[in-house]
Amino acid sequence: LCESILRAIRRYMRRKENVSVPVVDFYLFESESSTYTYLLADPETKEAVLIDPVLETIDRDQLVHELGLNLKVAVNTHCHADHITSTGMMKKRLVGLKSAISKLSGATADILLSENDKITFGRHFLTVLETPGHTDGCVSLLIEDKSMVFTGDALLIRGCGRTDFQQGSPEKLYESVHQKIFTLPDECLVYPAHDYLGRTVSTVGEERKFNPRLTKSMDEFVNIMKNLNIPKPKKIDISVPANLVCGV
Ligand SMILES: N[C@@H](CCC(=O)N[C@@H](CSS)C(=O)NCC(=O)O)C(=O)O
């Protein structure tokens, strides 16, 4: 509750100060895979971007129409193993929509992203930070004023993406998070692709201080990741091949 109140106050203050911030709908949750989809929009120009949409919730995500938004890009932070993306299907429904994923993912999409590329929507943009380790093609997306970062499966709240399949490498993940995410401002809000305990948002400062895995030394981290012993995602065999072609 405190968290949502704080967020509302923060939003209100920004609007009041007439600072140009994108509107973000934070609670597009898909319960089967515990995935967060994020919708970002420029309230003035109505241009919007969708991050990590899930096939099961494609009808809900049509809310872009209700909001009168012009969805320009649907971007996947990586080739997901636990669910199928809706970007391919959504392109069939929305004329002009472009799909995006990293070049290093090996997947096909309209836009293949690399380090420092920009995804613009209205007066705003996201900068691509390559954050491999969970998969080789993982990216995080940083808003222009560094107030928000969408970390995909690289950094989760008090956790991180697993590293035991799809080119996973604990060493790479450790370097990615420490070099690309933990160097962002303390107050930068962290929005992950998943949370399995109902948490919604963290900050770089909190994760740098309290993340039980990533506050450890590299050797300790590698040891933790090699001993996670969590079952493989139930849908991995259908998700990975589907996501290599945008889910269609
Ligand atoms: N039970 C879920 C899969 C859970 C899982 O493996 N999550 C991944 C991200 S999706 S590939 C992960 O990295 N988890 C890290 C962790 O510490 O939990 C299913 O069957 O789909």
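How do the residues of the shell around the ligand divide into nonpolar, polar and charged? Keep that in mind as you open the model, which is a predicted one. The shell holds three nonpolar, four polar and five charged residues.

**Stop 1: the ligand**

Select the ligand and then show the residues that surround it: S33, A81, D82, D153, G159, G161, R162, H194, I230, P233, K234 and K235. Colour them by residue class, and you should find the three nonpolar, four polar and five charged members of the shell.

**Stop 2: the whole chain**

Now zoom out and switch to a cartoon view. The protein chain has seven helices and 14 strands. Of its 248 residues, 46% are buried. If you take contacts between residues at least 6 apart in sequence, 60% of them join residues at least 24 apart.

Next, colour residues 34–194. An unreviewed UniProt entry annotates this stretch as "domain: Metallo-beta-lactamase". Across residues 34–194 the chain is 14% helix and 34% strand. Click on the C-alpha atoms at the two ends of the stretch and you will find them 5 Å apart.

**Stop 3: an open sheet**

Select β7, β8, β9, β10, β13 and β14. These six strands form an open sheet, in the order β7-β8-β9-β10-β13-β14, with mixed pairing. At its edges are β7 (118–121) and β14 (202–203), each of which pairs on one side only. As a reminder while you look, strands of a sheet pair through backbone hydrogen bonds, and they can be parallel or antiparallel.

Start at the β7 edge. β7 is antiparallel to β8 (residues 124–130), and four bridges connect the two. To see one pairing up close, pick K118, whose bridge partner in β8 is T127. Then follow the chain round the turn: β7 and β8 form a hairpin with two residues between them, and G122 in that turn has a positive phi of about 60°.

While you are on β7, show its side chains. Which residues of β7 lie on its covered face, and which on its uncovered one? I119 and F121 are on the covered face, while K118 and T120 are on the uncovered one.

Move further into the sheet to β9 (residues 139–143) and β10 (residues 148–152). These two strands run antiparallel and are joined by two bridges. Pick L142 and look across to β10 for its bridge partner, V149.

**Stop 4: the nonpolar core**

V149 also leads to the next stop. The largest nonpolar core has 55 residues, and V149 is among those with the most contacts inside it, together with A48, V49, V75, L141 and V177. Select β2 (residues 35–41) as well, as this strand gives the most to the core, with five residues.

Then centre on V177. Beyond its neighbours within four places in sequence, V177 is in contact with T131, A154, L155, C160, F182 and L214.

**Stop 5: two buried residues**

Go to I101, in strand β5 (residues 98–102). Is I101 buried or exposed? I101 counts as buried because it has 28 C-beta neighbours inside 10 Å. Setting aside residues within four places in sequence, the contacts of I101 are V75, N76, C79, A107, A109, L112, L113 and G137. V75 in that list is one of the core residues you met at the previous stop. For a sense of distance, draw a line from I101 to S33: they are 68 residues apart in sequence, and their C-alpha atoms are 20 Å apart.

Now select Y191 in strand β13 (residues 189–192). Y191 is buried, because 24 other C-beta atoms lie within 10 Å. Not counting residues up to four places away, Y191 touches Y36, Y38, M148, F150, T151 and V201. H178 is 13 residues from Y191 along the chain, with 17 Å between their C-alpha atoms.

**Stop 6: two asparagines in loops**

Finish with N116, in the loop between β6 (111–113) and β7. N116 has a positive phi, near 75°, and is a residue other than glycine. N116 is exposed, because there are 9 other C-beta atoms within 10 Å.

The last selection is N229, in the loop between α6 (218–226) and α7 (236–243). Its phi is positive too, at about 50°, although N229 is not a glycine. N229 counts as exposed because it has 6 C-beta neighbours inside 10 Å.

Note on methods:
Residues numbered from 1 in each chain as written. Predicted model: local features only at pLDDT ≥ 70, side-chain atom pairs only at ≥ 80, totals over all residues. UniProt positions renumbered as here; feature names shortened; annotations may be inferred. Near = placed C-beta within 6 Å. Nonpolar A, V, L, I, M, F, W, Y, C, P; charged D, E, K, R; others polar. Pairing = 2+ DSSP bridges. Buried ≥ 20, exposed ≤ 12 C-beta atoms within 10 Å, placed from the backbone. Core = buried A, V, L, I, M, F, W, Y, C linked by C-beta atoms within 7 Å. Contact = placed C-beta atoms within 7 Å.
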